[in-house]
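Thanks, everyone. I have one structure to walk through today. Let me put it on the screen.

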Amino acid sequence: MRLGIYGGSFSPIHHGHLLLAESCREQCQLDEVWFLPAAVSPLKQDANPASNAHRVAMLELAIAGNQAFKVSPIELERGGISYTVDTLREVQQIVPHAQLFLLVGADSFAGFYHWRAINEICELATICTVGRPGSDLNDWGRLPEVLTDDQMIQIKEHFVEMPLIGLSSTDIRQRIADGRSIRYMVPRSVEKYIETQHVFRSQESHVS
Ligand SMILES: Nc1ncnc2c1ncn2[C@@H]1O[C@H](COP(=O)(O)OP(=O)(O)OP(=O)(O)O)[C@@H](O)[C@H]1O
Ligand SMILES: O=C(O)c1ccc[n+]([C@@H]2O[C@H](COP(=O)([O-])O)[C@@H](O)[C@H]2O)c1
């Protein structure tokens, strides 16, 4: 099985996330893509995402009907800071025969040099990178100092094409706070959930 591993805060999930996952599924011939909401994203430790329950509920609504997409709670259940290397090790235990592909947007990839154990990450999974407005996938910074030539070639062979989508969860949360429209930025089911559950409106929704 070719398995896509897609981590993020997903607070909330939006159409940029969904198109990224679908583009990787198609172009990397993935059998499944697992969405893994982070307990605490290592480089966004000061962020205050919606509760775990809300993020999982919105993810489930967003992927409903897509047999290839699943939500995995393993980072939430592990708790603490969600280091990707720990997640990949855990997934390897759960599905030992799966070939793992790590899906990463360009802004996250720009910080990849600072992630924990990046050589091991590259051993455990093939990195699939996707463009995002404002981040240049060709700017590798100091990565060539730490990655092997083979690792760099493998990453370059897995650039995934997708129309650039200038959506971000931060902007969507700001729009909600301002009482502005988020229609067509997130699936309708997610929009309705945010509305009826008052997510991002009350302090309560930020508590796990
Ligand atoms: N519009 C987008 N285009 C391409 N990749 C994206 C887009 N939005 C998010 N991603 C990627 O999805 C992953 C998870 O992102 P995350 O859940 O942090 O969303 P975000 O919109 O960046 O959130 P926030 O604004 O709260 O920081 C990261 O790899 C990120 O690069
Ligand atoms: O393992 C790390 O050191 C690491 C550092 C930064 C980000 N990540 C993961 O990358 C994913 C997207 O993170 P972010 O900060 O762009 O939302 C999420 O699953 C994080 O756990 C992982």
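Start with residues 5-175. The C-alpha atoms at the two ends of that span lie 29 Å apart. Helix makes up 42% of the span, and strand 16%. Why pick those limits? The UniProt record, an unreviewed entry, annotates residues 5-175 as "domain: Cytidyltransferase-like". Keep in mind that this is a predicted model.

Now the whole protein. We count 10 helices and 6 strands. The C-alpha trace spans about 50 × 35 × 30 Å along its principal axes. What about the radius of gyration? It is 17 Å. A compact globule of 208 residues would have a value near 17 Å, so the two agree.

Next, the sheet. It is open, has 6 strands, and pairs in parallel. Read across, the order is β3-β2-β1-β4-β5-β6. Which strands sit at the edges? Those are β3, residues 69-71, and β6, residues 159-160; each of them pairs on one side only.

Stay at the β3 edge. Its neighbour β2 covers residues 32-37, and the two pair in the parallel sense over 3 bridges. In one of these, Val33 has Phe69 of β3 as its bridge partner. Now look at helix α4, residues 84-94, which packs on the sheet. It touches β1 (2-8), β2, β4 (99-105) and β5 (125-130). The direction of α4 makes about 145° with that of β1.

On to the ligands. Ligand 1 has 18 residues around it. Which come nearest? Gly8, Gly16, Gly105, Ser169 and Thr170. Four elements each supply at least two residues of this shell: α1 (15-27), β4, α5 (106-110) and α9 (169-177). The largest share is from α1, with 3 residues. By class, the shell around ligand 1 holds 6 nonpolar, 10 polar and 2 charged residues.

Ligand 2 is surrounded by 15 residues. The closest are Gly7, Pro42, Thr84, Ser108 and Trp115. Which elements give two or more residues here? They are β1 and α4. We have met that pair already: α4 touches β1 where the helix packs on the sheet. The shell around ligand 2 divides into 6 nonpolar, 7 polar and 2 charged residues.

To recap: an open parallel sheet of 6 strands, helix α4 packed on it, 18 residues around ligand 1 and 15 around ligand 2. That's it from me.

Terms used: Residues are numbered from 1 along each chain as its sequence is written. Chains are lettered from A and ligands numbered from 1 in the order in which they are written. This is a predicted model: local features need pLDDT of at least 70, side-chain atom pairs count only at pLDDT 80 or more; totals for chains, interfaces and linings use all residues. Two strands pair if DSSP finds at least two bridges between them. Two residues are in contact if their C-beta atoms, placed from the backbone, lie within 7 Å. Axes are lines fitted to C-alpha atoms, for helices over the stretch in contact, and angles run from 0 to 180 degrees between N-to-C directions. UniProt positions are given in the numbering used here, feature names are shortened, and annotations may be inferred rather than shown by experiment. A residue is near a molecule or strand if its C-beta atom, placed from the backbone, lies within 6 Å of it. Ala, Val, Leu, Ile, Met, Phe, Trp, Tyr, Cys and Pro count as nonpolar, Asp, Glu, Lys and Arg as charged, and the others, Gly among them, as polar. The radius of gyration is taken over C-alpha atoms; the globule rule is 2.2 Å times the number of residues to the power 0.38.
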